[in-house]
Amino acid sequence: MTPNSPSEKRLEELREQAWKEGVVPGKGVDVAGGPIPRKPGYYGQAVVKPPVWTWQVPLYFFFGGMAGMSAVIASGAIISHHVDLARWAMWVAAIGGAVLSPILLIMDLGRPRLFLNMLRVFKHRSAMSMGAWILSAFGACVVPGLVALELHAHQIFPGTLDQILWVAAAIFIFGSAIFGTLLATYTGVLIGATAIPAWFLHRTLLPIHFGTAGLGSAAALLELLGHRIPALNFLGFYAAGVETALLIWLSINKHGKADRAIHEHGSGWLIRIGEVLNGPLAIVLRLFSLVPFAAVSFLLGSLISRIGWILVGKVSGSDPESVFAAEQHASSVFSFENAK
Amino acid sequence: MIGEGIQSTNQRKHSYVQDRVEVGFFTDPSVCIGCKACEVACKEWNQVPDDGFTWSGNSYDNTGHLGASTWRHVMFLEQDRPKGNQVTGPMGLDPQSEDPFRWVFLSDVCKHCEEAGCLEACPTGSIVRTEVGSVLVQNDVCNGCGYCVVSCPFGVIDRRPEPLLDAGGAFKCTFCYDRQKSGLVPACAKVCPTESIVFGRLDDLRARGAARVQQLQQSGYNDAQLYDPTETSVRGIHAFFLILGEPEAYGLPPKPQIPTIYLKSAWTSAFATAIASIIATLVGFAFFS
């Protein structure tokens, strides 16, 4: 070994690096601690706790959003006398909102047997509490609405009774449409009003994204179920147009370190891939009249971006530097609210 | 026994719960010796389960962070700054260099916020405010939805994973509410040998904290300060700290905010989206049928 051999030089380099930087990271060597920690915050540990939610939550966001907005489509169909479309839309709303959503939500609880405690109190300052009540109200409207509509469609009862059923169906369907819009959008508030930087920094975008993705998903699913009508195609264009605008907004509206989970981490790519699928790609496919492909693209995109948003929350919540950087922004929100 | 002995507020019986007096913890790292008696007392009294052991490599801290099964956590900071009037000398290759070093211990705990994010977020009403101003999770009511976890600006509360005792529920420091109801002092404060953790009336503790900061600054601890974010939407904490240096180094957010301040803009956006969706649907069926 000569003093100038590459292996000796490498050792010189390591000594130099140790002296200058205080640590020498390497494969299989963790220099978490001393002599002086150089990770941000307290040994690089999370300042806020990342969400404990698992796969059920993004699936719930997907089905809940689709079900809620499907009830809106059912109302539009009732008004314009598309009774068959209204029936299908109400089935989607009922299965998604009164069956799948509660099951997924209960599965995600740490203690599923205590799920009824969700309705112990009504707290307008808790988006989780509001969500539980919105979902309950939606279920309470969508099930009788569907039953009345089906009884009417099959002409089970004669004359006046059928007329009453038709009016009842219309009232319950309009009711489920109102709660449905809230069911599809409150989930954005739910994660937007938290201590997770990547979420609260985009609390305005999230309800628009979740609600519009719900509307587009409902239209897309109904098209796939055979209802190829111009009204649903219009809604497909509308939803994809809004999602495209949101993709652009999200790409421009950067907050540096504070929301770097979205712009630098893999889970952020899930959001963007999802938004491309249910934004620009869905528009292009619709322009070429490839409606079923546009519908599938939109549904996939809506699901993927929601998974992305939950994963981004986990990454962002584990990043102490994001929390510190986001505080500047949070403080200005507080002083603004306080001044009023 | 350091301090006032059996006359100390850490030792004598009290009736704060019956008298509805606001109480607090004042935790002072300048006298903490890092013995972890508070951690052990907390786990033993509250029967908090063993959540495993890993060598962290982070100084003498193998506890890691506060969580569902860790309600007191002694932090061990190693900083290249002088401690008080510590004499530092040259070290290493440069004879002119100063090489200050200090080891700081601080026992972290739930802050029991004046405006508590977890309490506001809880959809079951499991989390309540007690007579003494502390924030308490009622274990038998909590259904483990996990919303408090992302609503705490300090990352204190967490959901306890399987297979630990009472898994699935959210847990954090109870401020030993059960002990306080019987006139006893919280376990961590009771066992603290140097009164680094002091329990008592909140107004008394705030005065004590301010005096201690002044005393330390006169003794050369130029970066001693109180950590009590009263100027943010949290509006102050009932378990407050004296810290040396910046709060970030302790994993404490300098300006914590309660997430409810974001509700207004988020709901506005939600309602706008709801209305826009209804209009788009009506337009669709009116003009494209």
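1. Chain B is divided into two domains, with domain 1 covering residues 5–257 and domain 2 covering residues 260–289. The C-alpha centres of domain 1 of chain B and domain 2 of chain B lie 44 Å apart. What follows concerns a predicted model, and its values should be read in that light.

2. In secondary structure, chain B has eight helices and 10 strands, whereas chain A comes to 13 helices and zero strands. Read from the N terminus, the elements of chain A accordingly run α-α-α-α-α-α-α-α-α-α-α-α-α.

3. On overall dimensions, the C-alpha trace of chain B spans about 85 × 55 × 40 Å along its principal axes, while the C-alpha atoms of chain A fill a box of roughly 105 × 50 × 40 Å, again along the principal axes. The radius of gyration of chain A is 25 Å, against a value near 20 Å for a compact globule of 340 residues.

4. On burial and contact range, buried residues make up 49% of the 289 residues in chain B and 53% of the 340 residues in chain A. Among contacts with a separation of 6 or more, residues 24 or more positions apart account for 64% in chain B and for 76% in chain A.

5. Chain A is likewise divided, into domain 1 (52–193) and domain 2 (196–318), and 22 Å separate the C-alpha centres of domain 1 of chain A and domain 2 of chain A. The contact between these domains takes 26 residues from domain 1 of chain A and 28 residues from domain 2 of chain A. On the side of domain 1 of chain A that touches domain 2 of chain A, at least two residues each are supplied by α2 (56–79), α3 (83–108) and α5 (159–192) of chain A. Of these elements, α2(A) gives the most, with 12 residues. By class, that side of domain 1 of chain A has 17 nonpolar and nine polar residues, and no charged residues.

6. Between the chains, 74 residues of chain A are in contact with 63 residues of chain B. The elements that each supply at least two residues of the side of chain A that touches chain B are α2, α4 (127–153), α5, α7 (205–224), α8 (230–252) and α13 (320–339) of chain A. The largest share of that side comes from α13(A), which contributes nine residues. The residues on the side of chain A that touches chain B divide into 45 nonpolar, 20 polar and nine charged, whereas the side of domain 1 of chain A that touches domain 2 of chain A has no charged residues.

7. Helix α2(A) deserves a separate point. This helix has 24 residues and reaches 35 Å from its first C-alpha to its last, close to the 34 Å expected at 1.5 Å a residue. Because 22 of the 24 residues of α2(A) are buried, the helix is largely enclosed by the rest of the structure. After α2(A) comes A:H81, whose phi is positive, near 65°.

8. Helix α1 of chain A (residues 6–21) offers a useful counterpart. Its 16 residues reach 22 Å from the first C-alpha to the last, close to the 22 Å expected at 1.5 Å a residue, yet α1(A) is hardly covered, with zero buried residues among its 16. Helix α1(A) is followed by A:G22, which also has a positive phi, near 85°.

9. The largest nonpolar core has 191 residues, and those with the most contacts inside it are A:A74, A:A89, A:M90, B:C118 and B:C148. The element that gives the most to this core is α2(A), with 15 residues. Leaving aside residues up to four places away in sequence, A:M90 touches A:A74, A:V142, A:G145, A:L146, A:L149 and A:I173.

10. A last local point concerns B:C35, which lies in the loop between β1 (23–27) and α2 (37–46) of chain B. With 16 other C-beta atoms within 10 Å, B:C35 is partly exposed, since that class lies between 12 or fewer for exposed residues and 20 or more for buried ones. B:C35 and B:S107 are 72 residues apart in sequence, and their C-alpha atoms are 10.0 Å apart in space.

Methods: Residues numbered from 1 in each chain as written. Chains lettered and ligands numbered in written order. Predicted model: local features only at pLDDT ≥ 70, side-chain atom pairs only at ≥ 80, totals over all residues. Domains from an automatic or database assignment. Contact = placed C-beta atoms within 7 Å. Helix = DSSP H or I, 4+ residues; strand = E, 2+ residues; numbered from the N terminus. Nonpolar A, V, L, I, M, F, W, Y, C, P; charged D, E, K, R; others polar. Rg over C-alpha atoms; globule rule 2.2 N^0.38 Å. Expected span 1.5 Å × (residues − 1). Core = buried A, V, L, I, M, F, W, Y, C linked by C-beta atoms within 7 Å.
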